[in-house]
Amino acid sequence: MEIGFIGIGQMGYPMAKNILSCGHRVHAYNRTPEKAERLREFGAIIEKSPMDVAENSEKIIIMVSNNEAVNEILFGERGIYHSKRKGLVMDMSTISPIFSIEVANRLKSSGFRYIDSPVIGSVPHAERRELNIVVGGEIADFNEALEILKCLGKNIFYMGKNGYGLIMKMVNNIILGGTMEIISEAFNLGEVFGLTREIMYSVVSSGSAGSKILDFKKDNIINDEYEPFFKLSHITKDLRYAIDLSNSKNIILPTTSIVQEMYKLSMRMGHGEKDISSIYLTIKNLSD
Ligand SMILES: NC(=O)c1ccc[n+]([C@@H]2O[C@H](COP(=O)([O-])OP(=O)(O)OC[C@H]3O[C@@H](n4cnc5c(N)ncnc54)[C@H](OP(=O)(O)O)[C@@H]3O)[C@@H](O)[C@H]2O)c1
């Protein structure tokens, strides 16, 4: 199959490689061209614009940062929207569900098909094809996307109409972001009183306060190394979208709002491009 892949960032790169190794032809585009060039040696065709990708592909995967990036890729000067060929757009970025529903309506009214299919899991899961993928859109489009989604992930869930993959993703990331923040608060308290991070990890992970996110991020915290798998700026954005979603129905998210303020503060302290686990640094700095 001819598959378009737009957004060759930390997640997009291993995902696009997996599509290639499933035997499909990949038409790749990235705003910063050097990142897409890395795929050439694996057989990808590098395109000059999102529109060129769409002209050459029956399905187009988008994996970019946020609403603004998706808007540019779709509706910018040489965006997908201007392509004469109108394929199935599979947006795997984490964007606002409200914005995604608007996008779906606009694309569908001009002949495209569109699903939101954000992913749960990080770079190692993407590399091992172990992402969980949550999909919103027409069931026929979901069924058509399945073959490609199976090249990327192990658990693929149909959540309902357009926007519902992303609503599920908001649920997930409220828990993820909140848990990471509270682990950091608790570990910092223990550390100030002289407990080591190693012993705190051993005790917490052996009881019911343990979690997958603690297991996944323990090395970052223990070694004070915050090379990003999942950038702190991304969780800050995700929580903002979750709060916007709650406001659309007068739902309260009191703790999430405070957690998001902590991540915003962390960004102001210069940690946006570090891993989500660098929230630990912020809490530590504020406690010293
Ligand atoms: N990393 C994770 O663990 C993880 C897990 C689950 C979900 N996600 C979500 O997956 C998405 C991608 O994450 P990532 O970690 O791969 O991010 P990333 O490494 O920061 O890559 C972001 C991509 O978006 C592109 N981009 C940003 N702004 C753009 C714009 N205005 N126009 C065109 N392209 C633009 C970037 O292009 P340039 O290269 O030119 O900057 C890059 O290709 C995000 O929505 C994130 O929240 C990430």
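Why is helix α1 (residues 12–21) largely enclosed by the rest of the structure? In this predicted model, 7 of the 10 residues of helix α1 are buried, so the helix is largely enclosed by what surrounds it. A residue is called buried here if 20 or more other C-beta atoms lie within 10 Å of its own, and in α1 that description fits G12, Y13, M15, A16, K17, N18 and I19. These buried residues pack against two strands, β1 (2–6) and β2 (25–29), and against two helices, α6 (123–127) and α7 (139–149). After the helix comes G23, a residue whose phi is positive, near 95°.

One of the buried residues of α1, A16, leads on to the nonpolar interior. The largest nonpolar core holds 76 residues, and those touching the most other members are I6, A16, A28, I60, I61, I62 and V89. Helix α8 (residues 164–192) gives the most to this core, contributing 10 residues, and the core draws at least three residues from each of domain 1 (2–162) and domain 2 (167–287). The surroundings of A28 can be followed residue by residue: once its neighbours within four places in sequence are left aside, A28 is in contact with F5, I8, A16, A36, L39, A44, I46 and E47. A16 of helix α1 is thus found again in this list of contacts, and the charged residue E47 appears there as well.

The division of the protein chain into domain 1 (2–162) and domain 2 (167–287) comes from the domain assignment, and the C-alpha centres of the two domains lie 28 Å apart. The contact between them takes 11 residues from domain 1 and 14 residues from domain 2. On the side of domain 1 that touches domain 2, the residues divide into 7 nonpolar and 4 polar, with no charged residue among them.

The ligand also brings the two domains into view, for the shell around it draws at least three residues from each of domain 1 (2–162) and domain 2 (167–287). This shell is made up of 26 residues, of which the closest are G9, R31, A69, S122 and F230. Helix α4 (residues 67–75) supplies the largest share of the shell, namely 4 residues. Sorted by class, the residues around the ligand are 10 nonpolar, 11 polar and 5 charged, whereas the side of domain 1 that touches domain 2 has no charged residues.

Terms used
Residues are numbered from 1 along each chain as its sequence is written. This is a predicted model: local features need pLDDT of at least 70, side-chain atom pairs count only at pLDDT 80 or more; totals for chains, interfaces and linings use all residues. A residue is buried if 20 or more other C-beta atoms lie within 10 Å of its own, exposed if 12 or fewer, and partly exposed in between; C-beta atoms are placed from the backbone. Two residues are in contact if their C-beta atoms, placed from the backbone, lie within 7 Å. Domain bounds come from an automatic or database domain assignment. A residue is near a molecule or strand if its C-beta atom, placed from the backbone, lies within 6 Å of it. A nonpolar core is a set of buried Ala, Val, Leu, Ile, Met, Phe, Trp, Tyr and Cys residues joined through C-beta atoms within 7 Å.
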